[in-house]
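Subject: Handing over a structure

Dear colleague,

I am passing this structure on to you, and I would be glad if you could read the notes below with the sequence and the coordinates open beside them.

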Amino acid sequence: MSTAQELPKPIESLLNRAVGLPGPAERARLRLAGNLTQAEVAEALGVHRVQVVRWETGRAEPRQPHRQAYAQLLHGLAAKFPTGSLT
């Protein structure tokens, strides 16, 4: 039986891409709830600020390896700031 490390590249790529992200508006809401700037998020992820703008407006979707890290950030923020919570 194969382990995740032995998966063929196309399968690994599909699994990595399947990381769930909230919609663009929720991405922006979570960042703002955490009192984070787009520049701070971009720096932490190793991308340009304009990429975060595109992700938050729905003009682009993050790709690996940034998608996984961005998802972790957003899921952490969602746990701290659920919808409807006060910031």
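What follows describes two helices, then the core, and then a pair of aromatic rings.

Please keep in mind that this is a predicted model, in which local features need pLDDT of at least 70 and side-chain atom pairs count only at pLDDT 80 or more, while totals for chains, interfaces and linings use all residues. Residues are numbered from 1 along each chain as its sequence is written, and side-chain values use heavy atoms, with hydrogens and water left out.

I begin with helix α3, residues 38-45, whose buried residues are Gln 38, Val 41, Ala 42 and Leu 45. Buried here means under 20% relative accessible area, exposed over 50%, and partly exposed in between, with a 1.4 Å probe and protein chains only; helices (H or I, at least four residues) and strands (E, at least two) are DSSP runs, numbered from the N terminus. Seen down the axis of α3, the buried residues fall within an arc of 100 degrees, so they line one face of the helix, the arc being that of the directions from the helix axis to the C-beta atoms. The face turned away from the buried side carries the exposed residues Glu 43 and Ala 44. The buried residues of α3 pack against α2 (24-33), α4 (49-57) and α5 (66-80), where contact means heavy atoms within 4.5 Å. Just after α3, Gly 46 takes a positive phi of about 75 degrees.

In α2, the buried residues are Arg 27, Ala 28, Leu 30, Arg 31 and Ala 33, and the buried residues of this helix pack against α3, α4 and α5. Asn 35, just after α2, has a positive phi of about 55 degrees.

The largest nonpolar core (buried Ala, Val, Leu, Ile, Met, Phe, Trp, Tyr and Cys residues joined through side-chain atoms within 4.5 Å) has 16 residues, and those with the most contacts inside it are Leu 45, Val 47, Val 52, Trp 55 and Tyr 70. Helices α2, α3, α4 and α5 each supply at least two residues of this core, and α5 gives the most, with four.

The structure holds one aromatic pair, formed by Trp 55 and Tyr 70, which is tilted, at 4.7 Å centre to centre and 40 degrees between the planes. Rings of Phe, Tyr and Trp (its six-membered ring) pair if their centres lie within 6.5 Å, and planes under 30 degrees apart count as stacked, over 60 as edge-to-face and the rest as tilted.

With best regards
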